[in-house]
Amino acid sequence: MGEENQKPKGAWHTVKPFVNGGTAGMMATCVRIQLGEGSAVQVTKTMLKNEGVRAFYKFLITFAVSSDSKGLSAGLLRQATYTTARLGSFRILTSKATAANDGKPLPLYQKALCGLTAGAIGACFGSPADLALIRMQADSTLPAAQRRNYKNAFDALYRIVAEEGVLALWKGAGPTVVRAMALNMGMLASYDQSVEFFRDNLHFGEATTILESFDAKEERWQLNPEPWDDYTELAFIGPLFLETLTIKGASTVSGFVAAACSLPFDFVKTQIQKMQPDAEGKFPYAGSLDCAMKTLKAGGPLRFYTGFPVYCVRIAPHVMLTWIFLNQIQKVEKGLGL
């Protein structure tokens, strides 16, 4: 039995965290929270008045390549690169760290370091798609003469290379990487820490962290059966309900922490990527640090958290859905023996 557990698991075992992460991120993007200008309450009232409840969700019915997608194709491409790389990298990094820690749970600071590193790796791969997404979403806010009118993400990438050069795809990559490091430190570390807290301290349910496999969950379940195991109905409903509660609770905490950690960096990143030269060809900011210092001088530290409720409503649900979809994907793979 020991020899069987030690045999190589093949290429699928290596690429699975990357495939699962990217798929979960793309599925979460298909349920897109629609936001505009103003406070969260104002946006909600406007959306309900103009389009009804369906305005809150945009499901992917066909591959979004038209100009009406308003960045959905770029958003999907971004998840296919950025989220694939960051979640896959986080799983590999934490697995290595856990092995070096003799299989013991990682302390929070080690998870945070793994999240920082995974965020940087993901941002390097996802920066071109992120640039296309920012520009496509910003187009509608620009005067008609300044709009780029990209047809879709691939058209945006092609035109950026043709008009500005290959290196322009990584324009603003510095703040993008820093923002991704902050977001993933909050998102990844807080999710695993929350799952462990809900599961081990509050006994809410037997959910797995991103570090664990469902095999580890089953081994734990067999060693420590719950009191309702003797009752067929409760043995299914009880653990299932508590596991769902754990996943949703940890996902909620993860979404909020990710938004709180990343907003200041997102603010700077967006300003850099959206800036355009004036009549004299001069840009408003010399770089990320210049943007941060001018913003701090003009409005103080809280200026970086302008619009936090709307930002949180935009970021947190995507984080939550990513974790929920990822958990369901893992369940399906477990059922298929993958």
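Let's start with the surface: the accessible surface of this protein comes to about 18400 Å², and 63% of that belongs to carbon and sulfur atoms. Please keep in mind that we are looking at a predicted model. As for what is hidden, buried residues make up 43% of the 338 residues in the protein.

Now the fold. What are the secondary structure elements here? There are 11 helices and zero strands, so if you read along from the N terminus, you get α-α-α-α-α-α-α-α-α-α-α. How much of the contact map comes from residues 24 or more positions apart? Taking the contacts with a separation of 6 or more, such pairs account for 74%.

On to the interior. The largest nonpolar core has 32 residues, and those with the most contacts inside it are Leu183, Met187, Leu188 and Trp323. Which elements give two or more residues to this core? They are helix 4, spanning 72-100, helix 5 at 108-138, helix 7 at 173-201, helix 9 at 232-274 and helix 11 at 308-336. Helix 11 gives the most, with nine residues.

If you'd like one residue to click on, try Met187. Leaving aside residues up to four places away in sequence, Met187 touches Arg86, Ser254, Ala258, Val319, Thr322 and Trp323. And there is a second, separate core of 14 residues, which includes Leu77, Leu133, Tyr150 and Leu157.

Two of those names, Leu77 and Leu157, bring me to a helix pair I'd like to show you. In general, two packed helices are described by the angle between their axes and the distance between the axes. For helix 4 and helix 6, the latter being residues 153-164, the axes come within 7 Å and cross at roughly 80°. Angles from 65 to 115 degrees count as roughly perpendicular, and therefore that is what we call helix 4 and helix 6. Who makes the contact? On the helix 4 side we have Ser73, Ala74 and Leu77, and on the helix 6 side Ala153, Phe154 and Leu157.

Let me stay with helix 4 for a last stop, Thr98, which is found in that helix. Is Thr98 buried or exposed? Its relative accessible area is 19%, and because the cut-off for buried is under 20%, Thr98 counts as buried. Where does its side chain go? The side chain of Thr98 reaches the backbone oxygen of Thr94, at 2.7 Å.

That's my tour, and I'm happy to go back to any of these spots with you.

Notes
Residues are numbered from 1 along each chain as its sequence is written. This is a predicted model: local features need pLDDT of at least 70, side-chain atom pairs count only at pLDDT 80 or more; totals for chains, interfaces and linings use all residues. Side-chain values use heavy atoms; hydrogens and water are left out. A nonpolar core is a set of buried Ala, Val, Leu, Ile, Met, Phe, Trp, Tyr and Cys residues joined through side-chain atoms within 4.5 Å. Buried means under 20% relative accessible area, exposed over 50%, partly exposed in between (1.4 Å probe, protein chains only). Helices (H or I, at least four residues) and strands (E, at least two) are DSSP runs, numbered from the N terminus. Contact means heavy atoms within 4.5 Å. A polar contact is a pair of N or O atoms within 3.5 Å; within protein, one must be able to donate a hydrogen and the other to accept it, and residues adjacent in sequence count only if both atoms are side-chain atoms. Accessible areas come from the Shrake-Rupley method with a 1.4 Å probe; for residues, only the protein chains shown count as cover. Axes are lines fitted to C-alpha atoms, for helices over the stretch in contact, and angles run from 0 to 180 degrees between N-to-C directions. Angles under 35 degrees count as roughly parallel, over 145 as roughly antiparallel, 65 to 115 as roughly perpendicular and the rest as oblique.
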